[in-house]
Amino acid sequence: MEGFDLEKEMKELNLTTSKESREDFLSYKVKPGVIVYPRTEEEIVKVVDYANRKRIPIVTWGAGTSLTGAVSCEGCILIDMKYMSSILEINDVDWYVRTQPGVNLEYLNKKLMERGFFLPPDPASFFLCSVGGAVANSSGGMRGVKYGTFRDWVLALKVVLPTGEIVKIGEPLRKNRAGYDLTHLFVGSEGTLGVITEIWFRIVPLPKRKLIPLLVSMPSLDSTAGVISDIRKSGIMPEIAEFMDSEVLKTLNVHLNAGLKESEGGMLILLIEDQDLESIRNIIRKWDGDLTELSDKEWERVYSLRAQAAIALKASAKEMLVEDIVVPVSKLMDAIRKLKELEGKFNVRMPVIAHIGDGNLHPNILLEEKEVALELFEKVGEIAIELGGSISGEHGIGVQKTKLMAIQLAKHNGVKVLEIMKRIKEIIDPNDIMNPGKYVERAYNESMRN
Ligand SMILES: Cc1cc2nc3c(=O)[nH]c(=O)nc-3n(C[C@H](O)[C@H](O)[C@H](O)COP(=O)(O)OP(=O)(O)OC[C@H]3O[C@@H](n4cnc5c(N)ncnc54)[C@H](O)[C@@H]3O)c2cc1C
């Protein structure tokens, strides 16, 4: 901010600071006026109170793995949560964990698993991301087909509001019907409503039944969609149902020496309960798939390759944009066909990774110039809207999907809904300092322009 030496001001508040520019995972620019590294909630209150008085934008940084430009800023105070990384309580009677937001998700699950529990949602960035970022983004992941997204696992939150007040919302209870559901208003709000300082997550015991990991090579995209459709019809609920198309497999083979079988219909990665094995075998036989049962060791390797697929794709191109659309599972084939048409029309590489079991597709647009991708990016979003789906299942909106969000809400819900969201933002953040100019605000402005 012009006229302020923000670093000096923050040092005077006794905060640990630095000043450097960063990039997020997709190279969106993060050019803060200062970065602060709070260790306590009180320090966050000091920063927010200062920023609110001086009308300086605040952006909260978890681990910067956002795929939508949600942490990009110019001249903001960037609050890096890396030192607020303690697990505060694991309660194995009431089945919750209370934690600070800077904890790494993989680390948290390691600690929970030592006690026989886990927090199921597993974004493929689980080894990189913070749990605060995952909540603020309402991230999903590979287990989404059975366990949903982070939205389904947050019981309560403590938040420093943009006015500097601290609120605790929700209760660490399985059932709680007191008042409007403010907890879930904050989940997925992408740092636009406050800084999350504490989280109560619901946890569950590790699955007791034996789980069988399967790798299935498919002859065609039609057959892949057929398998998923038949799994749904037969009432089987896989623990994991992931998909990587032939181009993703090729990239993993080249960049990570993965040794995966490449085939026209790509590969399904399934984790199922042992009682469902026979039915799954029959379904896969019907669609001419080639099924391999994996050992625990092979499963670990395949799961890790799947988690690294986006990183390998990024290494294979100059620029990458990651799409994140959801369609009804019954429309998967229509969506995949339309995506392939777009790929041909725009003459680009657009390999698809998918949490296919819940209809969540990630076409990865690989290009020389990011600008060229933007038109294609919007066309992909329009496919979801047209098929009765959503323009984001888990990555969120950031700066990237505001126009599409405005179009979806107008078409599926009516503009009133966007107006309500805009008003909520104004009530909670009257001076518009929390991650301003993105998400709802930008979507609202886009809708006014159209
Ligand atoms: C290789 C790779 C694979 C991925 N796979 C998936 C996937 O399978 N599923 C999925 O959903 N996502 C995925 N993502 C996207 C991303 O990793 C997740 O959304 C992740 O949970 C974000 O966590 P983060 O700590 O990096 O958050 P950041 O990127 O730092 O922040 C994300 C948003 O949350 C806000 N925020 C962060 N911390 C707080 C806080 N304490 N209080 C308030 N707001 C806060 C930020 O301001 C920003 O708006 C992937 C990303 C990568 C790089």
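Below, two colleagues talk through a predicted model.

Colleague: Happy to look at this with you! Which residues does the disulfide join?
Modeller: Glad to have company, and do keep in mind that this is a predicted model. A search of the whole structure finds one disulfide. Its sulfur atoms are 2.1 Å apart, within the 2.5 Å cut-off, and the residues joined are Cys73 and Cys76.

Colleague: Nice. Is that disulfide left-handed or right-handed?
Modeller: The torsion about the S-S bond settles that one. For Cys73 and Cys76 the torsion is about -45°, so the disulfide is left-handed.

Colleague: And is Cys73 buried or exposed?
Modeller: Buried means under 20% relative accessible area. Its partner Cys76 has 1% relative accessibility and therefore counts as buried. Cys73 has 14%, so Cys73 is buried.

Colleague: On to the rings: what is the geometry of the pair formed by Phe126 and Phe127?
Modeller: The search of the whole structure finds eight aromatic pairs, and Phe126 with Phe127 is one of them. Their centres are 5.4 Å apart and their planes meet at 75°. Planes over 60 degrees apart count as edge-to-face, so this pair is edge-to-face.

Colleague: Is Phe127 buried, partly exposed or exposed?
Modeller: Phe126, with a relative accessible area of 12%, is buried. For Phe127 the value is 29%, which lies between the 20% and 50% cut-offs. Phe127 therefore counts as partly exposed.

Colleague: Which residues form one aromatic cluster with Phe126 and Phe127?
Modeller: The cluster takes in both of those phenylalanines. Joining them are a tryptophan and a tyrosine, namely Trp299 and Tyr303.

Colleague: I like cation-ring geometry, too. How far from the centre of the Trp153 ring is the charged end of Arg202?
Modeller: There is an arrangement of this kind at Trp61, where the charged end of Arg22 sits over the ring, 4.8 Å from its centre. Over the ring of Trp153 sits the charged end of Arg202, and the distance to the centre is 4.0 Å.

Colleague: What are the helix and strand percentages over residues 28-206?
Modeller: An unreviewed UniProt entry lists that range as "domain: FAD-binding PCMH-type". The end C-alpha atoms of the range are 37 Å apart. Its chain is 22% helix and 27% strand.

Colleague: Last one: how many residues does the largest nonpolar core have?
Modeller: Those with the most contacts inside it include Val135, Phe201 and Leu252. Leu252 touches several residues, among them Met244, Leu260 and Leu305. A second, separate core of 20 residues includes Leu6 and Ile77, while the largest core has 105 residues.

Terms used. Residues are numbered from 1 along each chain as its sequence is written. This is a predicted model: local features need pLDDT of at least 70, side-chain atom pairs count only at pLDDT 80 or more; totals for chains, interfaces and linings use all residues. Side-chain values use heavy atoms; hydrogens and water are left out. Buried means under 20% relative accessible area, exposed over 50%, partly exposed in between (1.4 Å probe, protein chains only). Rings of Phe, Tyr and Trp (its six-membered ring) pair if their centres lie within 6.5 Å; planes under 30 degrees apart count as stacked, over 60 as edge-to-face and the rest as tilted. A charge sits over a ring if NZ of Lys or CZ of Arg is within 6 Å of the ring centre and within 35 degrees of the ring normal. UniProt positions are given in the numbering used here, feature names are shortened, and annotations may be inferred rather than shown by experiment. Helices (H or I, at least four residues) and strands (E, at least two) are DSSP runs, numbered from the N terminus. A nonpolar core is a set of buried Ala, Val, Leu, Ile, Met, Phe, Trp, Tyr and Cys residues joined through side-chain atoms within 4.5 Å. Contact means heavy atoms within 4.5 Å. Lists of a residue's contacts leave out its neighbours within four places in sequence.
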